[in-house]
Amino acid sequence: MADSSTQSITIAASPDQVAAVICDFPSYPRWTDAMREVEVIEEYEDGYASQVRFVLDASVLADEYVLEYAYAEDLSRIEWHLVTPSKMQKLQRGSYDLVGNADGSTTVTYTLEVELAVGMLGMFRRKAEKMIMDTALKQLKRRVEATGSAQ
């Protein structure tokens, strides 16, 4: 049974700047600690990735999997799901919801639902999910704000 977790963070950048970093999949290994390799294997006609292959190595968790992406027209929502089960995951669904704030910042809400192929006690699974989400959001914030200040 998969559980869904949600966390939010505020990033000092516009929703467009945040979406640009999220959608730049080939750059993930440069700023996401656990990503060893990321490859866009299929694109929509508009050039956005439709299927992306990830090679993950987070010490205790190593996996290779393909996610299929869908985008809101204004990129305010980017969602994905696992194409086929992997060595470690039976199911993965997730999304980023981007909401622009009056001060020019963006609130990013990350929702993730994962069903592991290996058994894990609920308490440890929730702790691992929280750590994964915390790390993902903090690394996204760091990357977007660093990219924004470099422009």
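Me: In what order do the elements of the protein run from the N terminus on?

Reply: Read the helices and strands as a string of letters. Here the elements run β-α-α-β-β-β-β-β-β-α. That comes to 3 helices and 7 strands. Keep in mind that this is a predicted model.

Me: Then how should I read the confidence? What is the mean pLDDT of the protein?

Reply: Start with the predictor's confidence in each residue, on a scale from 0 to 100. The mean pLDDT of this protein is 89. A value of 70 or more is reached by 88% of its residues. Then go element by element. Strand β5 has the highest mean, 98. Helix α3, residues 122-150, has the lowest, 78.

Me: Now the strands. In which sense do β5 and β6 pair?

Reply: Look for bridges between the two strands, then for their sense. Strand β5 covers residues 77-82 and strand β6 residues 89-100. They pair in the antiparallel sense over 5 bridges. As a landmark, find E79, which stands opposite S95 in β6. The two strands form a hairpin, with 6 residues between them.

Me: Over how many bridges do β6 and β7 pair?

Reply: Over 11, again in the antiparallel sense. Strand β7 spans residues 106-116. Here the landmark is G94, opposite L112 in β7. β6 and β7 also form a hairpin, with 5 residues between the strands. Look at G104 in that hairpin: its phi is positive, near 90°.

Me: Next, the aromatic rings. How many aromatic pairs are there?

Reply: Judge a pair by two values: the distance between ring centres and the angle between planes. The count here comes to 13 aromatic pairs. Take Y69 and W80. Their rings are 5.8 Å apart, centre to centre, with 40° between the planes. That pair is tilted. Y69 lies in strand β4, residues 61-71, and W80 in strand β5, so the pair ties together parts 11 residues apart in sequence. Both Y69 and W80 are buried.

Me: And Y96 with Y110: what kind of aromatic pair do they form?

Reply: A stacked one. The centres are 4.9 Å apart and the planes differ by 20°. Y96 belongs to β6 and Y110 to β7, so this pair ties together parts 14 residues apart in sequence. Y96 is buried, at 10% relative accessible area. Y110 is buried too, at 7%.

Me: Which residues form the aromatic cluster?

Reply: Follow the rings across the model. F25, Y28, W31, Y44, Y48, F54, Y65, Y69, Y71, W80, Y96 and Y110 form one cluster. Both pairs we just discussed have their residues in that list.

Me: Let me stay with W80. Which residues is W80 in contact with?

Reply: For contacts, leave out the neighbours within four places in sequence. W80 then contacts L67, E68, Y69, Q92, R93, G94, S95, Y96, Y110, T111 and L112. Among these, Q92 also joins W80 through a side-chain polar contact of 2.9 Å. W80 itself is buried, because its relative accessible area is 7% and the cut-off is under 20%. For a distance along the backbone, try V66: its C-alpha atom is 9.9 Å from that of W80, though they are 14 residues apart along the chain.

Me: Now strand β1. Is Q7 buried or exposed?

Reply: Compare the relative accessible area with the cut-off. Q7 has 19%, so with a limit of under 20% it counts as buried. Q7 lies in strand β1, residues 3-11. Beyond four places in sequence, Q7 touches V108, T109, Y110, K130, M133, D134 and L137. Its side chain also makes a polar contact of 3.3 Å with the side chain of D134.

Me: What about T10, at 40% relative accessibility?

Reply: T10 also lies in β1. It counts as partly exposed. Beyond four places in sequence, T10 touches N101, S105, T106, T107, K141 and E145. The C-alpha atoms of T10 and L98 are 9.6 Å apart, with their positions 88 residues apart along the chain.

Me: Last, the whole protein. What share of the residues is buried?

Reply: Of the 151 residues, 41% are buried. The protein exposes about 8,500 Å², and carbon and sulfur atoms supply 53% of that. Now take contacts between residues at least 6 apart in sequence. Of these, 49% join residues at least 24 apart.

How values were computed:
Residues numbered from 1 in each chain as written. Predicted model: local features only at pLDDT ≥ 70, side-chain atom pairs only at ≥ 80, totals over all residues. Heavy atoms only, no water. Pairing = 2+ DSSP bridges. Helix = DSSP H or I, 4+ residues; strand = E, 2+ residues; numbered from the N terminus. Phe/Tyr/Trp six-rings, centres within 6.5 Å; stacked < 30°, edge-to-face > 60°. Buried < 20%, exposed > 50% of the residue type's maximum accessible area, 1.4 Å probe, protein only. Polar contact = N/O pair within 3.5 Å; in protein donor to acceptor, adjacent residues only side chain to side chain. Contact = heavy atoms within 4.5 Å. Areas by Shrake-Rupley, 256 points an atom, 1.4 Å probe, with all protein chains shown as cover.
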